[in-house]
Structures are given as C-alpha cells and as structure tokens.
Amino acid sequence: MKRVYLAITMSLLLSSSTFAHFQMLYTPESALEKGATIELREVFTHPFADEHTMDMGKQHDSEENNPVEAFYVINKGKKKDLLNTLQTITWTGSHNTAAAYKSQYKAKRMGDHLFILQPAPYYEAGEDIYIQQITKMVVNVAGAPTDWDTELGLKAEIVPLTKPYSIWTGSTFTGIVKGNGKPVPFAEIEVEYLNRDVNLDTNATGPSYIEAPQDSFVTMGIKADANGQFTFGLPRAGWWGFCALGAGSDKEYKGKELSQDAMIWVQVKDMQ
Amino acid sequence: MKKTLVVTMAALVLLSTNAFAHTALMSCFDEGDGTITCEGGFSDGSSASGVEFRVEQNGKVILKTKMNEYSEVNFKKPAGAYQAIFNAGEGHTVYVDGNDIVE
C-alpha cells in the first residue's frame, strides 16, 4: 500500500514538473523612461510554483549543456547580436539549482528593443523528449512604439497585438501564434504568472506571492481560435508568460520528439 | 449667433483633440564623443522627421534645426547648463534638461 502511495506521489511530481516549463527572459522593468543599461536573466523554470529549475541546454547524450543557439535584439529595425553578452551562472530556485545565464544590455536608443532568445533544445527525461522555447520579450525606452509588433517569421512565434510593456492590471493581452509565419489554429497555450521576486544579486527566486486555489490555476491552459489568435485577461501586476506548445515546425531533435514552443513575456502595471 | 459660436468652438476643440491624441516624445543620450543625440517621436509611432528642434542656454537659442529622416538630431555638447527642446506645436513640446542626458 505504501508503495502505491509512493508511486502515485512520484507520478504526480513528474507530471507537475514536466509540464509548464517556461523559458524566462527577465528584466525588472520593461517600460523605461529613458535609455539605460539593463540587467537580463535567462532561466528555464516554472515561474508560478518554482518547483524545479532546469539546466538550460541539457542533452540526453552528454554531460555538457549545449549553448544558446541565438540571442539578439532589434531596435528600429536594426538587429544586434547579443550571444557574446551571455555569461553562464548557477540559478538558485526554491527547490534546486540549475545552469542559467545572465547578461547586460545598453538600451540606449528610444523605442522598442525586441529581444529574441533561442536556447538549445532541452532534454526532458520525464517524457524522453526535447523542448525548445523560442522566447520574445520587449523593453521600451521613452514610450515611442517602433518594433514591438514586428513579425519575425520565427519557427515558433507569438506576434503580439497588444504592446507587451503597456498593459494595465485588469486589461488584456492579445497575440497570434505562428509557426514559420503561418497562424497555428487552435494552438495550445500555457499561461503562468511570475509568482515571486527575482534577485539579481544572488541569482535566485524568492518565495511565492500567492497560492493557487487549485492546480488548474498554476498553469492556465487556453487555446487560440481558428486564426491562431488568443486574448487573456491579466488580473495582477507583474510578469506573465505565454507559451504556445509545439507551435514550431521542427518536430525532432537527436532522434527524439521535439516540442518547439513560442514564448512571450508581458509586464502588467497597477493603475495607481 | 452666440449658440452657434459656442458649438463651433466646441467642435473645433474636439477636432483638435482627435487630431493630436498622440503624445510628443523625445529621448537624448550622450554619445561619449563630445556630441549628444536626441531622438524624437510620437506615441502613435509616427515619424518626427522635420519637426523643429532647439538647444537653449540661459534662455537663448544656440541651435535651431529639424529632426532628420531618422527623427534624430546630433549636436556638439554645449559647455554648461542647457536644454534640448522638441517642438511639435502647442501642447506638443518636450523639454529635456542637459543634466539628464548621460551616456
């Protein structure tokens, strides 16, 4: 009987940790009044529950983690490579530590700075699959909109129809899920709230702000419509992540199934 | 007559509000090479190319030009206190103090 309980507990733990992986591309403030050098943290985690932090780029056939495949920013249509700004760090989550990155960026010019992070596929042993989340985040300087809605034709991409840095608490975010520039009908999207402080000095996440009333509130599952479009109401200030599962065209990596996901982060502000 | 005038004025005010619902914006930075770059724009994303730009020192205009095709102006950093001014018309003027312009 004890063994049955243990098996059930293990399967619950596994199921909760294999889903809702979110590639974080974090900076404290996405709407800057003027140009500044900003801190960025690139961490593969579970932003609401923080039950497990993953080693970015983990492989099934090697002890070495594969490096990030692409990291760049676009401002006023000009692309700047940021791969060489990434420094490896160890991230301390609430339950474990994992390989992650930190970087800095000089957001000097006015307008939108559209960041794209394409990590190496991550091997998820619990499901024997790889996960690659192509992640988008936008920082704006001085309020002028320039690049936030640019469609990049990524393998997996959420194209925002709402400025990701200009959302009041209680309003909504709308986006279109695309794979290689084509809408993904009825795409499955996971939504999570970054439910904790991020300490840039210690590279660690803090305790939960709130507890979910039930498991379905930890990672909220929604679906896009027939045109790949979705809208989600945002009830609380802070960072929210949207992850469209398997939206990308690549379906296999190293002979194993690959879930190539599209990720976008939006920051919500209280009206006060 | 009086009523017609009031209605016309109200309509004009409404029209002008609609026409200029966007906000004028400017952001400046020190290039670190003895020059300053100021970028202008509007909250609706429209270009600021051709908009008047001034630099004033002690109330005197020391530079008067227009934003270029990229909605930018680059100028030699003045010695002492100064103000950069983006003038897109009444109610659409942005002042940036030289002390706030850093690298």
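This is a short tutorial dialogue on reading a predicted model with chains A and B.

Me: Let's start with the smaller picture of chain B. How many helices and strands does chain B have?

Reply: Chain B holds 1 helix and 7 strands. Along the sequence, the pattern reads α-β-β-β-β-β-β-β.

Me: And what share of chain B counts as buried?

Reply: Of its 103 residues, 24% are counted as buried. You can also look at contacts in chain B between residues at least 6 apart in sequence: 46% of these join residues at least 24 apart.

Me: Now the strands. In what order do the strands of the open sheet in chain B lie?

Reply: The open sheet has 4 strands, in the order β4-β3-β6-β7 of chain B, and the pairing is antiparallel. The edges are β4 (60-66) and β7 (93-97) of chain B, each of which pairs on one side only. On average, neighbouring strands of this sheet are turned by 20 degrees against each other, with direction ignored.

Me: How many bridges join β3(B) to β4(B)?

Reply: There are 6 bridges between these two antiparallel strands. As a landmark, find B:E56, which stands opposite B:V61 in β4(B). The hairpin of β3(B) and β4(B) has 2 residues between the strands, and B:N58 takes a positive phi near 50 degrees there.

Me: Is β4(B) well covered or hardly covered?

Reply: Hardly covered: the count of buried residues among the 7 in β4(B) is 0.

Me: What does β3(B) pair with in β6(B), taking B:V55 as the example?

Reply: The bridge partner of B:V55 is B:A84. Strand β3 (residues 52-57) and strand β6 (residues 83-87) of chain B pair in the antiparallel sense over 5 bridges.

Me: Let's move to the core. What is the general idea there?

Reply: In soluble globular proteins, nonpolar side chains tend to be buried together. In this model, the largest nonpolar core has 87 residues, and those touching the most other members are A:L25, A:V177, A:I189, A:A244, A:A247 and A:A262. Strand β10 (residues 129-141) of chain A gives the largest share of this core, 7 residues.

Me: Which residues does A:A262 touch, leaving out those up to four places away in sequence?

Reply: Its partners include A:I134, A:A156, A:V177, A:A244 and A:A247.

Me: Where can I see a strand of chain A that is mostly covered?

Reply: Go to strand β20 (residues 238-244) of chain A, where 6 of the 7 residues are buried. β20(A) pairs with strand β15 (residues 188-193) of chain A in the antiparallel sense over 5 bridges, and A:V191 has A:F242 as its bridge partner in β20(A). Another 7 bridges join β20(A) to strand β22 (residues 256-269) of chain A, again running antiparallel. There, A:C243 has A:M263 as its bridge partner in β22(A).

Me: Now a loop. Why does A:G77 count as exposed?

Reply: A:G77 is exposed because it has 10 other C-beta atoms within 10 Å, and a residue counts as exposed at 12 or fewer. A:G77 lies in the loop between β4 (70-75) and β5 (78-81) of chain A. A:G77 and A:H113 are 36 residues apart in sequence, and their C-alpha atoms are 9.5 Å apart in space.

Me: Last, how many residues does each chain bring to the contact between them?

Reply: The size of an interface is often given as the accessible area lost when the parts come together. Here we can count residues instead: 11 come from chain A and 8 from chain B. On the chain A side, they divide into 5 nonpolar, 3 polar and 3 charged.

How values were computed:
Residues numbered from 1 in each chain as written. Chains lettered and ligands numbered in written order. Predicted model: local features only at pLDDT ≥ 70, side-chain atom pairs only at ≥ 80, totals over all residues. Contact = placed C-beta atoms within 7 Å. Nonpolar A, V, L, I, M, F, W, Y, C, P; charged D, E, K, R; others polar. Buried ≥ 20, exposed ≤ 12 C-beta atoms within 10 Å, placed from the backbone. Core = buried A, V, L, I, M, F, W, Y, C linked by C-beta atoms within 7 Å. Pairing = 2+ DSSP bridges. Axes fitted to C-alpha atoms, helices over the stretch in contact; angles between N-to-C directions.
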